[in-house]
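Take a first look at the chain below. Then follow the report from its surface to its interior and through the contacts between its parts.

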Amino acid sequence: MELDTDKVKELATIKNQPIKIISYQDLLLLNDTIDQIHPWIATLSLINNFFANSKNPLNKKKIIKEFHANSYLFATFYEDFSLRTTTLEKQIKDLKTRPKVRI
């Protein structure tokens, strides 16, 4: 069955913008990627507290240990965050290139 191209119309929004084909599964994939970033909130809060805590007297050994531990945490976070944002960018780019809904 062939569609008559003269009769095929794109579904559009109120402002006459074409609507892309995005499935619920696509939205779930985006949500899963964002959910993988959320567990970092508690860890980043600890790192923030380390750098914001300047009122206590200086204990050089403790500061060196905490700095070393926090640097490993940050390096791990940075790798994971870079991977997740790259994944999100690919998913969004895929959604942007999706065909428009035609009726």
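## A patch on the surface

I22, Y24, L27 and L28 make a nonpolar surface patch of about 400 Å². One of these residues, L28, is found in helix α1. L28 counts as partly exposed because its relative accessibility is 31%, and partly exposed covers the range between 20% and 50%. Keep in mind that this is a predicted model.

## The overall plan

The protein chain has three helices and zero strands. Read along the sequence, the pattern is α-α-α. Helix α1 covers residues 24-37 and helix α3 covers 60-96. Helix α2 covers residues 40-52.

How much of the chain is buried? Buried residues make up 14% of the 103 residues. The chain exposes about 9,000 Å². Carbon and sulfur atoms supply 61% of that area.

Now consider the contacts in the chain with a separation of 6 or more. Residues 24 or more positions apart account for 81% of them.

## Charged pairs

Side chains of opposite charge can pair when their charged atoms come close. The structure holds four salt bridges. Three of them are listed here, including their N to O distances.

| Acidic residue | Basic residue | N to O distance |
|---|---|---|
| D26 | R98 | 2.5 Å |
| E66 | K62 | 3.9 Å |
| D80 | R84 | 3.2 Å |

Start with D26 and R98, whose side chains meet in a salt bridge. This pair links distant parts of the chain. D26 sits in helix α1, while R98 sits in the segment after α3. They are 72 residues apart. D26 counts as buried because its relative accessibility is 11%, and the limit for buried is under 20%. D26 and R98 also belong to a network of salt bridges that includes D94.

E66 and K62 give another kind of example. Both lie in helix α3. They are four residues apart, so about one helical turn separates them. Are these two residues buried, partly exposed or exposed? E66 is partly exposed, with a relative accessible area of 32%. K62 is partly exposed too, at 46%.

R84 and D80 are also four residues apart in helix α3, so about one helical turn lies between them. Here D80 is buried, with a relative accessible area of 16%.

## Aromatic rings

The structure holds six aromatic pairs. One of them is formed by W40 and F77, whose ring centres are 5.2 Å apart. Their planes stand at 70°, so the pair is edge-to-face; the cut-off for that label is over 60 degrees.

Why does this pair tie together separate parts of the chain? W40 lies in helix α2 and F77 lies in helix α3, so the pair joins parts that are 37 residues apart in sequence. W40 and F77 are both buried. Ring pairs also link W40, F74, F77, Y78 and F81 into a cluster.

## Contacts across the chain

Look again at D80, the residue that forms a salt bridge with R84. D80 is found in helix α3. Which residues does D80 contact, leaving aside its neighbours within four places in sequence? They are Q36 and W40. D80 and W40 are 40 residues apart in sequence. In space they are 9.5 Å apart, C-alpha to C-alpha.

N70 is found in helix α3 as well. N70 counts as buried because its relative accessibility is 10%, and buried means under 20%. Not counting residues up to four places away in sequence, N70 touches I47 and F50.

Finally, turn to P99. P99 is found in the segment after α3. Not counting residues up to four places away in sequence, P99 touches I19, K20 and I21. P99 and I19 are 80 residues apart in sequence. In space, P99 and I19 are 8.6 Å apart, C-alpha to C-alpha.

## Putting it together

Several links join parts of the chain that are far apart in sequence. The salt bridge of D26 and R98 connects helix α1 with the segment after α3. The ring pair of W40 and F77 connects helix α2 with helix α3. P99 touches I19, which is 80 residues away in sequence.

Key: Residues numbered from 1 in each chain as written. Heavy atoms only, no water. Helix = DSSP H or I, 4+ residues; strand = E, 2+ residues; numbered from the N terminus. Buried < 20%, exposed > 50% of the residue type's maximum accessible area, 1.4 Å probe, protein only. Patch = residues over 30% accessible without salt bridge, like charges linked within 9 Å, V, L, I, M, F, W, Y side chains within 5 Å. Areas by Shrake-Rupley, 256 points an atom, 1.4 Å probe, with all protein chains shown as cover. Phe/Tyr/Trp six-rings, centres within 6.5 Å; stacked < 30°, edge-to-face > 60°. Contact = heavy atoms within 4.5 Å.
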